[in-house]
Amino acid sequence: LLDCGLFQGKREESMQKNRELTFAPESIDAMILSHGHMDHAGRIPLLYKNGFAAPIFCTPATKDLSEVMLLDSAFIQEKDEEFMQKHHPEKMIDSGGPLYTQQDATECISLFVTKEYHQPFEVIEGVQCEFFDAGHILGSAMMVFTIERAGKKPLRIGFSGDIGRNTLPIIRDPEVMPQVDHLICESTYGN
């Protein structure tokens, strides 16, 4: 699984989209997390709550940022639910409670496995991954997967995640991704 973020938008629409998982979380062998923004990591505690128990590979900074962000998100969701029940029960959307709790957010962090840039690692048997600095936020990564294939040349697949801009004052410039056979690009804005 590459990232698992929250949908953002109108309350009712985003609530429905965020609760709906189109796959069985327990069937996932591993997750690779590009960076610690809500639209990329925001549903990890929900995955965990629904049976996901596989490693989540990311950079050390992404783990640190995600932990703070996910705990804050859970706190806000719990407080929003309390507020709406107390002050506006007539406007409550039947949601079954907060998407996830602070406990879910805390517990899912134990699944995070940190890897440094430029140190290839095995995701699952026959699949290696290497992180490259995406220059988007601290710890953000592009990744290249090398997939072994019996009797054939290995297949290389790249995933961009969000890519930053050159010459920012604090964040390093994005690295150039090595040549790949297929590329999956972030396309949030479609352009």
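User: Leaving aside its neighbours within four places in sequence, which residues is I44 in contact with?

Analyst: In this predicted model, I44 is in contact with C4, M31, L33, I56, L70, C108 and F112, once the neighbours within four places in sequence are set aside.

User: How should I read such a list, and which residues have the most contacts inside the largest nonpolar core?

Analyst: In soluble globular proteins, nonpolar side chains tend to be buried together. Here the largest nonpolar core has 24 residues, and those with the most contacts inside it are I44, F52, I56, L70, Y100 and F112. At least two residues of this core come from each of α2 (38-41), α3, β2, α4 and α5 (102-108). There is also a second, separate core, which has 13 residues, V123, A141, M143 and F145 among them.

User: Turning to the helices, which residues of α1 are buried, and which exposed residues lie on the face turned away from them?

Analyst: The helix α1 spans residues 11-19, and its buried residues are S14, M15 and N18. Seen down the axis of α1, these buried residues fall within an arc of 105 degrees, so they line one face of the helix. The face turned away from that buried side carries the exposed residues E12 and Q16, while the buried residues of α1 pack against α3, which covers 44-49.

User: How do I read a sheet from its strand order, and what is the order of the open sheet of three strands?

Analyst: One may begin with the order and the sense of pairing, and then look at the edges. The three strands form an open sheet in the order β1-β2-β3, and the pairing is parallel. Its edge strands are β1 (31-32) and β3 (112-114), each of which pairs on one side only. Strand β2, residues 56-58, pairs with β3 in the parallel sense over three bridges, and F57 stands opposite V113 in β3. Helix α4, residues 60-87, packs on this sheet and touches β2 and β3, with a direction that makes about 150 degrees with that of β3.

User: What is the strand order in the open sheet of five strands, and which kind of pairing does that sheet have?

Analyst: The five strands follow the order β4-β5-β6-β7-β8, with mixed pairing. The edge strands are β4 (121-124) and β8 (182-184), each pairing on one side only, and the twist averages 30 degrees from one strand to the next. Both senses of pairing can be followed through β7. Strand β6, residues 141-149, pairs with β7 in the antiparallel sense over six bridges, and F145 in β6 stands opposite I157 in β7. Strand β7, residues 152-159, runs parallel to β8 and is joined to that strand by three bridges, with I184 in β8 as the bridge partner of F159.

User: Which residue in the hairpin of β6 and β7 takes a positive phi?

Analyst: That residue is G151, whose phi is near 70 degrees, in a hairpin that has two residues between the strands.

User: How many disulfides does the structure hold, and why is C129 not bonded to C58?

Analyst: A disulfide is a covalent bond between the sulfur atoms of two cysteines. The structure holds zero disulfides. For C129, the closest cysteine sulfur is the one in C58, and because that sulfur is 11 Å away, the pair is too far apart for a bond. C185 is likewise in no disulfide, since the nearest cysteine sulfur, that of C129, is 16 Å away.

User: Are C129 and C185 buried or exposed?

Analyst: C129 has 1% relative accessibility and therefore counts as buried, whereas C185, with a relative accessible area of 45%, is partly exposed.

User: Finally, where is H40 placed, and which residues does H40 touch beyond those up to four places away in sequence?

Analyst: H40 lies in helix α2, and because its relative accessibility is 3%, H40 counts as buried. Not counting residues up to four places away in sequence, H40 touches D3, C4, G5, L33, S34, H35, D162 and E186. A separation along the chain can be set beside a distance in space for one of these pairs: H40 and C4 are 36 residues apart in sequence and 5.3 Å apart in space, C-alpha to C-alpha.

Terms used. Residues are numbered from 1 along each chain as its sequence is written. This is a predicted model: local features need pLDDT of at least 70, side-chain atom pairs count only at pLDDT 80 or more; totals for chains, interfaces and linings use all residues. Side-chain values use heavy atoms; hydrogens and water are left out. Buried means under 20% relative accessible area, exposed over 50%, partly exposed in between (1.4 Å probe, protein chains only). Helices (H or I, at least four residues) and strands (E, at least two) are DSSP runs, numbered from the N terminus. The arc is that of the directions from the helix axis to the C-beta atoms. Contact means heavy atoms within 4.5 Å. Two strands pair if DSSP finds at least two bridges between them. Axes are lines fitted to C-alpha atoms, for helices over the stretch in contact, and angles run from 0 to 180 degrees between N-to-C directions. A disulfide is a pair of cysteine sulfur atoms within 2.5 Å. A nonpolar core is a set of buried Ala, Val, Leu, Ile, Met, Phe, Trp, Tyr and Cys residues joined through side-chain atoms within 4.5 Å.
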